[in-house]
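Reader: I should like to examine this model with you. Please show the sequence and the structure before we begin.

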Amino acid sequence: MEINLFNLIGLAYLANMVTSEFEPIQPAKEKLIEFLILHLPFNYFIVKLLTCSKCLAFWLGLFIYVDIFHAALAGFFGYLVKHLIDRIKFWYE
């Protein structure tokens, strides 16, 4: 995958969709988290990965780009995307 700003922001938004915004997968994700908590001894990392948009964006960026700097930038964009969505939700409440 080519490294550009558009792809990094898209990766960050994808991570945000998986962690909180895309409603159809949330029940399955919650069941997976419950299963992991009960059956894995070192489940903190995986649970954090499935619930934190900046963490998931960072690890996806590291996996896809194999570059720590681009992964950190993807994590930062994950934080920005989550923050912007929270601010927009607050504005409309």
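**Salt bridges, core and helix packing**

Reader: How far apart are the closest N and O atoms in the salt bridge that E21 forms with K89?

Author: E21 and K89 form a salt bridge, that is, a side-chain nitrogen of Lys or Arg lies within 4 Å of a carboxyl oxygen of Asp or Glu. This is a predicted model: local features need pLDDT of at least 70, side-chain atom pairs count only at pLDDT 80 or more, and totals for chains, interfaces and linings use all residues. Residues are numbered from 1 along each chain as its sequence is written, while side-chain values use heavy atoms, without hydrogens or water. For E21 and K89, the closest N and O atoms have a separation of 3.3 Å.

Reader: How many residues apart are E21 and K89?

Author: Helices are DSSP runs (H or I, at least four residues), numbered from the N terminus. E21 belongs to helix α1 and K89 to helix α5. The pair therefore links distant parts of the chain, with a separation of 68 residues.

Reader: Is K89 buried, partly exposed or exposed?

Author: Buried means under 20% relative accessible area, exposed over 50%, and partly exposed in between (1.4 Å probe, protein chains only). K89 has a relative accessibility of 41%, so this residue counts as partly exposed.

Reader: By how much of a helical turn are K82 and D86 separated?

Author: The side chains of K82 and D86 also meet in a salt bridge, at 3.8 Å from N to O. Both residues lie in helix α5, 4 residues apart. Their separation is therefore about one helical turn.

Reader: Which helix supplies the largest share of the largest nonpolar core?

Author: A nonpolar core is a set of buried Ala, Val, Leu, Ile, Met, Phe, Trp, Tyr and Cys residues joined through side-chain atoms within 4.5 Å. The largest one has 8 residues, namely L8, L11, A12, Y65, A74, F77, V81 and I85. At least two come from each of α1 (5-21) and α5. The largest share, 4 residues, is supplied by α5.

Reader: How are α3 and α4 oriented to each other?

Author: Helix α3 (residues 44-51) packs against α4 at about 105 degrees, with the axes 5 Å apart. Axes are lines fitted to C-alpha atoms, for helices over the stretch in contact, and angles run from 0 to 180 degrees between N-to-C directions. Angles under 35 degrees count as roughly parallel, over 145 as roughly antiparallel, 65 to 115 as roughly perpendicular and the rest as oblique. The orientation of α3 and α4 is therefore roughly perpendicular.
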